[in-house]
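Biologist: I have a protein model open and I would like to learn how to read it. Can we go through it feature by feature?

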Amino acid sequence: MIQEIAKNIYTFNVSLPNTALKQLNVYVIKGEDRNVIFDTGYNLPESKTDLLQGIKELGLEVKDFDLVLTHLHSDHTGLASLFEEAGCNIYAGKIDGDLLNQMATESYWDHFSDRHAYYATEKGQFSREDNPGYALRLGRKLDYIELKIGELFQVGEYTFKVMDLKGHTPGHIGLYDAENGQIFSADTVLDPITPNITYWGEDYPNILGSYLDTLRSLIPLDLKVMYATHRKIIDNPRQRMEDLIQHHYERLQEILDAMNPEESYTVEDVSAKITWRVKVKSWSDFPKSQKFFATGETMSHLDYLVHSGHVEQRMEDETYYFTKVKDQLF
């Protein structure tokens, strides 16, 4: 069902089959000079059907759009080729745009598999086919137009500033309309679920710290609404961002509490000792795809604790080990 949520701004749902996310909130801005659509859904028949139906109900066709990709994840980029084939302009930030194109290659996933093995206890327990990002990756590279941080992006009566929202991914971007107090923030702030903050390797150190800095940079803005791409549109931005910061502080303390002093832990050791919302009896019952997300999230939190001086990290037999050196986060 199409909803007009502000003047000439519309949203509709695109299904995301076989995932806990369930659906993507797609946003469209109609303008006299151009129409802009934000993100696409998976490259799967169910997502494509919903996307095309929503576009049709707006009285438009795929060729009538400019496409903005807020970040690289396949639930946001999977149908980008549909727009490319129609001759549409495709916009993305440089960091995630380049990573997205790297992910279309096998060599990226070779490197990813090697890096992930550093925090997998049992070597060979994961394969790239278990990772949804690999299974649903783009089939080829995209020719995209770079959206530079700080530049202005005009659509109809709206003027947006391109914002650096790194954290959920290394190059996540958003479009901020200061005049109307609105921002297309995609997966930066979600409610009632929390965005997954995973580990992206040594090239993007302390990504959780970067995410928390992003939230702290947004809190002072006069934001009335955040257009989130999963679950609810955020109508209490400041409170929700403060809640997310507190959530991660509590998660960091939970990890510290789970570790005994002078004992070494792998990432999977820690993951098995902390709480998760996945409805299984024990860590060993986690589906492999969920273990990818869980160990990545645990690794990002341990990496934060290494940078904050609460935990020490070492490499042994091509596996990361962590030892607690401080008990309290604050």
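The two talk through strands, a buried residue, a helix crossing and salt bridges.

Modeller: One thing before we start: this is a predicted model.

Biologist: In what order do the strands of the open sheet lie?

Modeller: The order is β1-β2-β3-β4-β5-β6-β7, and these 7 strands show mixed pairing. Now look at the edges. β1 (3-6) and β7 (145-146) each have a single partner strand, so one side of each is left without a neighbour in the sheet.

Biologist: What packs on the sheet?

Modeller: Helix α1, residues 45-57, does. It touches β2, β3, β4 and β5. The direction of α1 makes about 160° with that of β2.

Biologist: In which sense do β5 and β6 pair, parallel or antiparallel?

Modeller: Parallel, over 3 bridges. β5 covers residues 65-69 and β6 covers residues 90-92. For one pair, find valine 68: its bridge partner in β6 is tyrosine 91.

Biologist: And β8 with β9, parallel or antiparallel?

Modeller: Antiparallel, with 4 bridges between β8 (residues 152-155) and β9 (residues 158-164). Leucine 152 stands opposite lysine 161 there. The two strands form a hairpin with 2 residues between them. In that hairpin, glycine 156 takes a positive phi near 55°.

Biologist: Which strand do 4 bridges join to β9?

Modeller: Strand β10, residues 173-177, and the two run antiparallel. Valine 162 faces leucine 175 in β10.

Biologist: Next, burial. Is isoleucine 29 buried or exposed?

Modeller: Start from the cut-off: buried means under 20% relative accessible area. Isoleucine 29 has 0%, so it is buried. This residue sits in strand β3.

Biologist: What does isoleucine 29 touch?

Modeller: Leave out residues up to four places away in sequence. Its contacts then include Ile9, Val36, Phe38, Val155, Phe160 and Phe184. Take isoleucine 9: it is 20 residues from isoleucine 29 along the chain, yet their C-alpha atoms are separated by 4.6 Å.

Biologist: Now two helices. At what angle do the axes of α7 and α10 cross?

Modeller: Roughly 85°, and the axes come within 7 Å. Angles of 65 to 115 degrees count as roughly perpendicular, so α7 and α10 are roughly perpendicular to each other.

Biologist: Which residues meet there?

Modeller: From α7, Ile207, Leu208, Gly209 and Leu212. From α10, Ser300, His301, Asp303 and Tyr304. The contact divides into 4 nonpolar, 3 polar and 1 charged residues.

Biologist: Last topic: charges. How many salt bridges does the structure hold?

Modeller: First the idea. Side chains of opposite charge can pair when their charged atoms come close. This structure holds 17 salt bridges. One of them joins glutamate 84 and arginine 140, with the closest N and O atoms 3.3 Å apart. Glutamate 84 lies in helix α3 and arginine 140 in the loop between α6 and β7, so the pair ties together parts that are 56 residues apart in sequence. Glutamate 84 is partly exposed at 21%, and arginine 140 is partly exposed at 39%. Glu84, Glu85 and Arg140 form a network of salt bridges.

Biologist: Where do arginine 216 and aspartate 213 lie?

Modeller: Both are in helix α7, 3 residues apart, about one turn of the helix. Their side chains meet in a salt bridge at 3.0 Å, N to O. Glutamate 254 and arginine 251 also meet in a salt bridge, at 2.9 Å. These two are 3 residues apart in helix α8. Glutamate 254 is partly exposed at 22%, whereas arginine 251 counts as buried at 8%.

Note on methods. Residues are numbered from 1 along each chain as its sequence is written. This is a predicted model: local features need pLDDT of at least 70, side-chain atom pairs count only at pLDDT 80 or more; totals for chains, interfaces and linings use all residues. Side-chain values use heavy atoms; hydrogens and water are left out. Two strands pair if DSSP finds at least two bridges between them. Contact means heavy atoms within 4.5 Å. Axes are lines fitted to C-alpha atoms, for helices over the stretch in contact, and angles run from 0 to 180 degrees between N-to-C directions. Buried means under 20% relative accessible area, exposed over 50%, partly exposed in between (1.4 Å probe, protein chains only). Angles under 35 degrees count as roughly parallel, over 145 as roughly antiparallel, 65 to 115 as roughly perpendicular and the rest as oblique. Ala, Val, Leu, Ile, Met, Phe, Trp, Tyr, Cys and Pro count as nonpolar, Asp, Glu, Lys and Arg as charged, and the others, Gly among them, as polar. A salt bridge is a side-chain nitrogen of Lys or Arg within 4 Å of a carboxyl oxygen of Asp or Glu.
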